[in-house]
Amino acid sequence: MPAGTRAPIDNSGRLQFADDLFARRHRGLGSPIANQWIWRLNSPYDVDRLHYIAAGLAEGGLSRRLHRAKFPGARDLWTNADRDPSIELYEEILPVAEITHWLQERHSDRLDPHEGLTYRLTAINLDDGTSVVSMLLAHAVGDGGSVLDAVCRASRGEPLRLPPAPATVWHRLRAEAADSRDQWRAVRDWAKARRQAKKDGTAALATKAPRVYPEATPNPAPETWRMPRMITEFDTETMTKIAAEHGGSTNAWFINVVADLLVRIDHVPVDRGDVPVSLPMSDFQPGDVRSNSTRVAMVEIPRDVLDRRDLAEIKKLSKAAYIRLGQAGPGLVPVPLAMMQMLPDAVLDKLPQPPAAACMASNLPQLPDDYRYAMGDDVRLVAGLAGYQNATAQDAYDVGGGIIAWLIQSGPRTTLNLVAAEPDRVPDLDFLKNLVVEELGSWGLTVEVW
C-alpha cells in the first residue's frame, strides 16, 4: 500500500492515543475491546509447542503492564509484565458442533492491562481428531501489526522487550515531567493552528457532520441480546478467481462484500448514494514497541458500483484512499489528542462517545509462516475475531452500530470473520449466518460456517 513519509516511532513505552482509549475501557468506560486469534489444527494440539509459544509471548511485547502516571499531563507507561505465561490447555474433548460457543466463552475471559493480564492462550481438542487454539488479546496492548510481530518472534525465540521502567521514583517523575511538557507543547501547537485556521476561514474543515441512521425495528428483547460473532471459510483459489473475473483484487472483493452487507441490513441511509468502509492500514515498523500503530483509510463506494460489482473501480477507489492516508499530515482535529489523554476518566466518561466506523474491514493477505504455523505444523487455517467483550445492546447503540470484518488468507483456505454490533438489524447469530451465506453464495462461493 502506498505510504508517505513516516513519522519517527515513539518507542518510549508511553501510551499512544488508541492505547489510552482501549485501556480506559478496562477501567469501566464502556466494554473492553479484545481481539481473538484462532488456529484450527488438523490434529490434537501439541502441548510442548504451545508451552514454548506461551513462554515466548510472556517475554515479548504483548505481555505488558500499564503504569499510571503521577505527574499531571504525562502519559501512562507500558513496561514488560514479567509474569508467568498465561496458558490453559483443556483436557476434555469438545464436540465440533460446539466450537463457536467455546470460542465465544473464551472471548469473554477476563483481561486487565493494569495487572499485566493482557492475553490468554487456550486450546482444546475436538471430537473429530482436530483441535483449536485461541489467543485472546486486549486491544490496548496490540493491533494487527504488533500481534503478527510478537507471535512471529515467539515462534523464532526472539522476543522483543519494552524499554525498562525508570529505576527510581525520582527518575520516574523526571521522565513524566518531560513527557508532560511534550504533551502541553502539542496542545499549545494545536491552539496556535486553530487560531490560524479561524483567521483563514478553514476551521470548519476540522469538524464532521454527525452520522444519520435509518429507522430500524427495535430489538424485541435488547436485554438478552449478545453481539453475534461468526467465522466462515472457503477456498482461497476460488475466491481469487472470482475477484479476477470481476476485474479486481481479493481486497476489492472483500470491500464489495462488506459494503453489500451494510446495504443488506439497511445500516446506510437510503438517501445516501455511497457506502462507507473503513480500511485499517498498519504503520508498524521493524523494532516497533508501540501497541497500536494502525491508521485508517476511508473509502466510499457508490451504490451503482456495488450493484455492478465493479471490482476494478473499487480497487481504484481504495488505492486512492490509501494514497490520501499515506500523504495526509497530522490535520487539525476538533480537540487535540494530547488533551484527550490528559482528561481523567470521570471527565471523559461524560463526553459523548465518538461513533464507531460503519464497517471496519481488515484484510490480512497470506500470513507469514512464522505466524501461520506458530501453534502447530499441521495448521488448517487461521481465523480472527474482534469485538467488545460481554457487550450489551446499549453498548452497541452507544457506538452507533456497524460491523467488524477480517479477511484472513492462510494458504489454501481463507476465513471471513464478522462481528455485528447491530441489536436491531442483526438480532442473533442465525440471522448473521444466513445473511453472510447468502451474500457469499451470490458470488458462487461454497462456504463452511463454524
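1. Ser-278 touches Val-296, Ala-297, Met-298, Ala-357, Cys-359, Met-360 and Ala-361, leaving aside residues up to four places away in sequence. The residue sits in strand E8. Its relative accessible area is 3%, under the 20% limit, so Ser-278 is buried. This is a predicted model, and the values in this note should be read as such.

2. Val-296, one of the partners of Ser-278, belongs to strand E9, residues 294–302. Its own contacts, again without residues up to four places away, are Ser-278, Leu-279, Pro-280, Leu-325 and Met-360. Met-360 also appears among the contacts of Ser-278. Val-296 has a relative accessible area of 40% and is therefore partly exposed, whereas Ser-278 is buried. The C-alpha atom of Val-296 lies 28 Å from that of Tyr-373, a residue 77 places away along the chain.

3. Helix H4 (144–156) has 13 residues, which at 1.5 Å a residue should span 18 Å; the C-alpha atoms at its ends are 18 Å apart, so the two values agree. Its buried residues are Gly-145, Ser-146, Val-147, Asp-149, Ala-150, Val-151, Cys-152, Arg-153 and Ala-154. The cover over these buried residues includes strand E1 (33–41), H2, E6, E8 and helix H12 (369–372). After H4 comes Gly-157, with a positive phi near 75 degrees.

4. Helix H2 (residues 47–59) can be checked in the same manner: 13 residues at 1.5 Å each should span 18 Å, and the end C-alpha atoms are 19 Å apart, which agrees. At the N-terminal end, Asp-46 acts as a cap, with a side-chain oxygen 3.1 Å from the backbone nitrogen of Asp-48. Buried positions in H2 are Leu-50, Ile-53, Ala-54, Gly-56, Leu-57 and Ala-58. These pack against E4, strand E5 (119–126), strand E6 (131–138) and H4. On the side of H4, H2 is listed in turn among the elements covering its buried residues. As background to such lists, an α-helix has 3.6 residues a turn, so residues three or four places apart point the same way.

5. Which residues lie closest to the centre of the largest cavity? They are Gly-61, Ser-146, Asp-149, Ala-150 and Asp-288, out of 18 lining residues. Of these, Ser-146, Asp-149 and Ala-150 are among the buried residues of H4, and H4 gives the most to this lining, with five residues. The largest cavity holds about 120 Å³ of space. By class its lining has nine nonpolar, four polar and five charged residues. Over the whole structure, four cavities of 30 Å³ or more are found.

6. The second largest pocket holds about 320 Å³ of space. It is lined by 21 residues, and those closest to its centre are Gln-104, Arg-226, Met-227, Pro-228 and Arg-229. Helix H3 (99–107), strand E7 (229–235) and strand E11 (379–388) each supply at least two lining residues. The largest share, five residues, comes from H3. The lining is made up of 11 nonpolar, seven polar and three charged residues.

7. Arg-106 is also found in H3. Is Arg-106 buried or exposed? Its relative accessible area is 9%, under the 20% limit, so Arg-106 is buried. The side chain of Arg-106 makes a polar contact of 2.9 Å with the side chain of Asp-109. Beyond residues up to four places away in sequence, Arg-106 touches Gln-36, Tyr-90, Thr-122, Ser-134 and Leu-136.

8. Two residues other than glycine deserve a look for their backbone angles. Asp-82 has a positive phi of about 50 degrees although it is not a glycine. Asp-82 lies in the loop between strand E3 (77–80) and strand E4 (87–94), and at 54% relative accessibility, over the 50% limit, Asp-82 counts as exposed. Asp-266, likewise not a glycine, has a positive phi of about 60 degrees. Its place is in the loop between helix H7 (250–264) and strand E8 (274–282). With 30% relative accessibility, Asp-266 counts as partly exposed.

Note on methods. Residues numbered from 1 in each chain as written. Predicted model: local features only at pLDDT ≥ 70, side-chain atom pairs only at ≥ 80, totals over all residues. Heavy atoms only, no water. Helix = DSSP H or I, 4+ residues; strand = E, 2+ residues; numbered from the N terminus. Buried < 20%, exposed > 50% of the residue type's maximum accessible area, 1.4 Å probe, protein only. Contact = heavy atoms within 4.5 Å. Expected span 1.5 Å × (residues − 1). Polar contact = N/O pair within 3.5 Å; in protein donor to acceptor, adjacent residues only side chain to side chain. 1 Å grid on protein atoms, 1.4 Å probe; cavity = no way out; pocket = protein on both sides within 12 Å on 5 of 7 lines; lining within 4 Å. Points joined across faces, edges and corners; volume = space filled by probe spheres on them. Nonpolar A, V, L, I, M, F, W, Y, C, P; charged D, E, K, R; others polar.
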